[in-house]
Amino acid sequence: MNIEQCTFRTKEAVVRWVSYVSPTDKRERIGVVAGQHVHGLAAPGSLRDLIAQGQEATVAAAERAVSAPAEVLDIAATELLAPISVPPSTRDFMSFEAHVAASALAVGGRVDEGWYENPVFYFSNPAATVGPEADIAVAPGSNEIDYELEVAAVIGLAGSDISVEDAAKHIAGYTLLCDWSARDLQLREMRQSLGPAKGKDFATSLGPVLVTPDEIAHLRTGKGYAITMTAEVNGKPYSSGSWADIHWSFEQMVAYASRGTRLVPGDVIGSGTVGTGCIFELARVHGQDRFPYLRPGDEVVIRADHLGEISARIVPGAEPLPLTRL
């Protein structure tokens, strides 16, 4: 697992958190990354539980993990889970204009004016959250599996009707996200004016780390960050974009997501796909022969500076069971 610039600095609350399987008892634990090692905590067992205690408790736990760890592990030999293994909710937005425009053009349309008025999102499946090195099984009945290169914010402070100005204090940190998509199922569903449902239901990869906002604050530019995002399939470069190109900021997304409802610690807010960040977009622009959909055996690696990488192997999935009429 490649995690760049692994740092630990509690004075400014700069910490990289991971969730992992402890080799001691095979249970989920959390720890901080220091160098190439994970300094694990005995308790609490989940990062969601920890960040719900607030920033002061989270910083104290990080200091405790480094000064008196329950265990110290080589990160390369550690089974990493998604930082938030089962989010309370997962909202995935569509916040990069380049992707929205290219995708709309690919199906003969254009960007709807409403997209510029409010950010839009769909609810994903929290139970389908997997770690940064987990295999991805093909969705039953699909022949068009795709990746989506994204970043995500994790809510640390609960709130309702949050203002854009106050939204930053509600973000515990950022992580890398891959929104796996079954394009044939998705397009079939969305013709019924609902969805995506089964087209997005089967897997969302998160990780490998949750970085505190302090770590990347110096990279802030406009509504995003000067952070390069890339993807490759079987070692071949596919996608390349920048978080800096985002149209709707995470502060705006958090404010909109909290409108008329309540966000709670551990909620995941996905950015949506960066420009060029999926096969659907690339294939419609450059051709299916050059950018075919994923098949079992394919290896996908997505990366973002300061956030590390997600590396996934596509494996066969189950056959769809018939919907027998009664």
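This report describes the two largest pockets and one helix of a predicted model.

The largest pocket has a volume of about 770 Å³. Its lining comprises 32 residues, and those that lie nearest the centre are Met94, Ser103, Gln186, Met190 and Pro196. Two strands and two helices give two or more residues each to this lining: strand E7 (90-93), strand E8 (121-123), helix H3 (97-106) and helix H4 (183-190). By residue class, the lining of the largest pocket divides into 15 nonpolar, 8 polar and 9 charged residues.

The second largest pocket holds about 390 Å³ of space. Of the 22 residues that line the second largest pocket, Gln55, Thr58, Ile171, Ala172 and Pro213 lie nearest its centre. At least two lining residues come from each of strand E2 (14-21), helix H2 (55-67), strand E14 (171-179) and helix H5 (213-216). Helix H2 supplies the largest share of this lining, with 4 residues. Here the division by class is 15 nonpolar, 5 polar and 2 charged residues.

The values for both pockets are set out below.

| Pocket | Volume | Lining | Classes of lining residues |
|---|---|---|---|
| Largest pocket | about 770 Å³ | 32 residues | 15 nonpolar, 8 polar, 9 charged |
| Second largest pocket | about 390 Å³ | 22 residues | 15 nonpolar, 5 polar, 2 charged |

Helix H7 covers residues 279-286, and its buried residues include Ile279, Phe280, Glu281, Leu282 and Ala283. After helix H7 comes Gly287, which has a positive phi near 110°.

Technical notes
Residues numbered from 1 in each chain as written. Predicted model: local features only at pLDDT ≥ 70, side-chain atom pairs only at ≥ 80, totals over all residues. Heavy atoms only, no water. Buried < 20%, exposed > 50% of the residue type's maximum accessible area, 1.4 Å probe, protein only. 1 Å grid on protein atoms, 1.4 Å probe; cavity = no way out; pocket = protein on both sides within 12 Å on 5 of 7 lines; lining within 4 Å. Points joined across faces, edges and corners; volume = space filled by probe spheres on them. Nonpolar A, V, L, I, M, F, W, Y, C, P; charged D, E, K, R; others polar.
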